[in-house]
Amino acid sequence: MTAVLTPPVPSPAAGPPAAARSPWADWRGRWPLLPLVATVLLPALPYGTSGGGGPADVASGIAVLVCVGRLLYLRQRPLSATAALVLGLPAVGFAVATVTAADPAAALPGLGRYLQIFVLVPAAVFLLLRDAYGFRIVAGSLVLLAVVQGVTGVHQYVTGTGASYMGEDIRAVGTFGPSDIMGMATVVAYGLLAAAACALRTPRSAPAWLRPSAAVLAVALIVPLTLSFSRGVWIATAAAVLVALALSGRRQALASLAVLGAAGVVLVGGFGIGSEMIADRAASVTRVTSTPDRSVSDRYAMWSAAGAMWRERPATGVGLKGFPDHRDGHASIGLSSGSDTAGAGQEFRRQALLSPHNMYLLVLGEQGLIGLTALVGSWAAILVGAIRRLWLARSRAHAALDCGLAAVALMAWQSVNFLYADIGGPTTVLSGVVLGLAAWWALAEPDRVSAA
């Protein structure tokens with residue numbers, strides 16, 4: 001008699017096979033992402049202090065502690081040698097600039113802030129992301145934050161309750177207020193790029209509605225981005241979108257550019273959404289010698305001051321947090337004492353100009369060539385590594401191309417935007433999150449990136 005072999009019946013407690021198990025089923029592997037999600041979402045909460053850490057900074061600290069706790073508990077090697085070098089290199093410049101500052105004690109708060117944004121938070125993001133699903137959770141949080149802030153900003157423009165701009169309270173600033181005029185534009189740009197990456201390379205396992213929804217969100221976020229009247233963010237976003245389109249393929253790039261062009265014609269030409277003010281704002285970038293915009297001339301005067309500080313101490317700079325103290329001794333007489341802010345629930349206020357609004361010149365003036373080489377070298381390695389891995393992933397039909405496209409676009413945006421902005425305000429911690437996302441795609445072990 002022939003024996004009939006039947007497979008064993010799986011125990012109900014065992015659950016479905018690993019291959020069929022949803023990535024969300026392993027909740028124990030996902031909960032460490034909660035402080036990262038909180039770090040992304042909490043900058044939208046206004047807090048009434050002009051300095052110190054806000055809720056998002058507290059969440060980022062918790063994320064770092066969770067990361068350290070997991071490493072100690074699991075006893076794993078935290079970083080590869082390459083990742084440790086790239087992520088830790090900026091700390092060298094920070095330490096040298098602190099030690100060589102005229103008052104090292106006064107530079108210590110700057111050391112802590114720089115380590116938080118450019119070393120600890122990126123490393124925590126890098127280590128807490130297990131796979132592409134974790135990346136998508138954090139990127140989705142950026143989109144959610146952008147949508148909330150974008151809707152708030154459009155409402156401010158329509159109802160005349162925004163920040164003051166050319167005598168009218170129409171500038172979209174979201175919940176960040178006129179004292180952080182770049183806040184809403186920054187988070188909207190992050191969300192736009194994350195949504196665009198998802199639309200260009202939608203995950204294979206995603207539901208059918210995700211791709212059109214992501215495309216609609218990306219196009220819709222152009223409206224609040226435009227109404228922010230933030231020239232530097234416009235330039236950085238345009239550059240990042242072009243990079244993403246170039247890396248997504250010629251046919252898709254041409255189709256996407258056609259859609260974006262049509263959307264621009266409809267929004268600005270058809271509905272006339274701030275068309276005259278937008279044109280004037282864009283043209284003001286080049287009006288430096290003839291009837292210049294005051295903000296433009298002040299910005300260039302502070303750039304010149306940062307360059308003068310570097311020439312005075314080319315190797316190590318004037319020290320972290322040293323720009324405000326050395327500004328008046330190096331700036332031209334044409335620099336104004338501050339910028340006027342008002343609207344969005346805030347009374348008229350004169351805001352001091354305490355930074356050059358150019359991250360590269362700020363680092364050069366405060367940290368010299370040593371600091372600039374270390375920081376920019378780290379960023380360049382991340383950007384080049386992210387582009388290289390994305391290029392290789394395209395040829396192999398990688399399942400996580402959406403993550404790679406988002407990482408490259410966000411890193412490209414950050415690199416260009418730092419030509420017109422520096423750190424400061426509640427959205428600063430998001431720069432660390434973006435650097436961490438890009439570093440994860442560029443430097444993580446292949447098995448982590450390929451797990452989609």
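This note comments on the overall make-up, core, one helix, three loop or helix-end residues and a surface patch of a predicted model.

1. Basis. Residues are numbered from 1 along each chain as its sequence is written, and side-chain values use heavy atoms, with hydrogens and water left out. Since the model is predicted, local features need pLDDT of at least 70 and side-chain atom pairs count only at pLDDT 80 or more, while totals for chains, interfaces and linings use all residues.

2. Overall make-up. The protein chain holds 18 helices and four strands, taken as DSSP runs numbered from the N terminus (helices H or I, at least four residues; strands E, at least two). Of its 452 residues, 50% are buried, where buried means under 20% relative accessible area, exposed over 50%, and partly exposed in between (1.4 Å probe, protein chains only).

3. Core. The largest nonpolar core, a set of buried Ala, Val, Leu, Ile, Met, Phe, Trp, Tyr and Cys residues joined through side-chain atoms within 4.5 Å, has 115 residues, and those with the most contacts inside it are Phe118, Phe135, Met359, Trp379, Leu437 and Trp441. Helix α7 (residues 183–200) gives the most to this core, with 13 residues. Leaving aside neighbours within four places in sequence, Trp379 is in contact (heavy atoms within 4.5 Å) with Phe118, Met359, Tyr360, Met411, Phe418 and Leu435.

4. Helix α10. The 18 residues of α10 should span 26 Å, and the end C-alpha atoms are 26 Å apart, which agrees; the expected span is 1.5 Å times one less than the number of residues. Buried residues of α10 include Trp234, Val241 and Leu245. Just after α10, Gly249 takes a positive phi of about 115°.

5. Positive phi outside glycine. Phe229, in the loop between α9 (222–227) and α10 (231–248), has a phi near 55°, and this residue counts as buried because its relative accessibility is 0%. His357, in the loop between β4 (346–352) and α15 (359–395), likewise has a positive phi, of about 55°, but is partly exposed, with a relative accessible area of 28%.

6. Surface patch. Leu41, Leu144 and Val148 form a nonpolar patch with about 230 Å² of accessible area together. Such a patch takes residues with over 30% relative accessible area and no salt bridge, nonpolar side chains being joined within 5 Å; a salt bridge is a side-chain nitrogen of Lys or Arg within 4 Å of a carboxyl oxygen of Asp or Glu. Areas come from the Shrake-Rupley method with a 1.4 Å probe. Val148 lies in helix α6 (residues 132–159) and is partly exposed at 43% relative accessibility.

How values were computed. Patches are made of residues with over 30% relative accessible area and no salt bridge: like charges are joined within 9 Å, nonpolar side chains (Val, Leu, Ile, Met, Phe, Trp, Tyr) within 5 Å.
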